[in-house]
Amino acid sequence: AFWPANAVLLGLLVRFPRLARAGGWAAAAVAFVLADAATGSSWTKAGLLTLCNMVGAAVGYVLMARLTPKDRLLERPAALVSVMLIVLAASTVTSVFGGLVNVLLFHGGPARGFFIWLATELANYIVILPIVLTFPGPAALKRWFIGLIRTPPKLSAAAPLITYVVCLAMVPMVGGPGALAFPVPSLLWCALTYGLAASALLTLSFAVWTLVILSMTTASLTHLSGLELVSLRLGVMLVALAPITVASA
């Protein structure tokens with residue numbers, strides 16, 4: 001339901017270019033293989049899945065490296081369009097390999113594997129990558145924490161966050177096809193109030209809630225077919241784009 005590793009890898013390589021050396025790529029590959037092997041996969045399965053992940057991240061990094069430093073860190077609203085296209089390219093390459101792996105490992109159809117991988121990769125990249133690219137460094141976090149202690153926030157400043165939490169809690173109660181978009185107005189309010197990094201974190205909480213918690217607890221989501229899962233993940237991705245775009249602007 002949720003696979004953040006590829007987006008985290010791409011984000012770290014873009015934000016800290018010194019990691020994008022042979023040793024960094026090798027360490028990432030070893031980490032992928034060992035994590036998969038530790039959870040019960042054979043070495044062959046772990047190797048094939050790692051190949052899918054690494055190829056996508058490599059394509060994303062090569063394309064992201066062509067952007068200006070400001071665009072790489074989403075400091076201009078137009079940069080989100082470029083990043084979205086790059087993410088689409090990286091997800092497509094991963095999904096082509098994933099479709100082939102779906103035949104070899106899971107004995108499924110290549111087209112089904114392609115579309116499920118594509119929707120999953122897109123959703124995870126859009127939700128995770130902005131956080132890695134925009135998360136404040138230690139010095140900025142220290143200044144923010146000190147300012148918070150000296151000047152506690154007023155209730156009006158916390159109102160968007162409180163509204164978002166209430167809307168998120170109401171999603172399983174509302175139910176139906178419109179439930180996915182129920183927190184959108186409060187997410188947009190948070191985006192206008194808190195900025196890009198905070199909006200990216202709140203968008204992550206929305207995605208985790210929808211893809212993981214609701215998928216396990218809501219009867220209407222526990223028996224989705226492959227195409228319905230694709231639809232759900234694409235819906236989460238499109239919802240996630242809205243607050244991130246507003247905050248970037």
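**A note on Thr-163 and its chain**

1. Let's start with one residue: leaving aside residues up to four places away in sequence, Thr-163 touches Ser-186 and Trp-189. Please keep in mind that this is a predicted model.

2. How far apart are Thr-163 and Ser-186 in sequence and in space? The two sit 23 residues apart along the chain, and their C-alpha atoms are separated by 6.1 Å.

3. Thr-163 belongs to helix α8, which covers residues 155-174. A polar atom of the Thr-163 side chain lies 2.8 Å from the backbone oxygen of Ala-159.

4. Is Thr-163 buried or exposed? Neither label fits: its relative accessibility is 29%, and because the partly exposed class runs between 20% and 50%, Thr-163 counts as partly exposed.

5. Stepping back to the fold, the chain has 11 helices and 0 strands. Read from the N terminus, the elements are α-α-α-α-α-α-α-α-α-α-α.

6. Now for overall size. The radius of gyration is 19 Å, which agrees with the value near 18 Å expected for a compact globule, because the chain has 249 residues. Along the principal axes, the C-alpha trace spans about 55 × 45 × 35 Å.

7. On packing, 39% of the 249 residues count as buried. Of the contacts between residues at least 6 apart in sequence, 71% join residues at least 24 apart.

8. Finally, the surface and charges. The accessible surface is about 12,700 Å², with 74% of it belonging to carbon and sulfur atoms. The chain carries 14 positive and 5 negative charges, and the mean positions of the two sets are 13 Å apart.

Technical notes
Residues numbered from 1 in each chain as written. Predicted model: local features only at pLDDT ≥ 70, side-chain atom pairs only at ≥ 80, totals over all residues. Heavy atoms only, no water. Helix = DSSP H or I, 4+ residues; strand = E, 2+ residues; numbered from the N terminus. Rg over C-alpha atoms; globule rule 2.2 N^0.38 Å. Buried < 20%, exposed > 50% of the residue type's maximum accessible area, 1.4 Å probe, protein only. Contact = heavy atoms within 4.5 Å. Areas by Shrake-Rupley, 256 points an atom, 1.4 Å probe, with all protein chains shown as cover. Lys, Arg positive; Asp, Glu negative; His and termini not counted. Charge placed at Lys NZ, Arg CZ, Asp CG, Glu CD. Polar contact = N/O pair within 3.5 Å; in protein donor to acceptor, adjacent residues only side chain to side chain.
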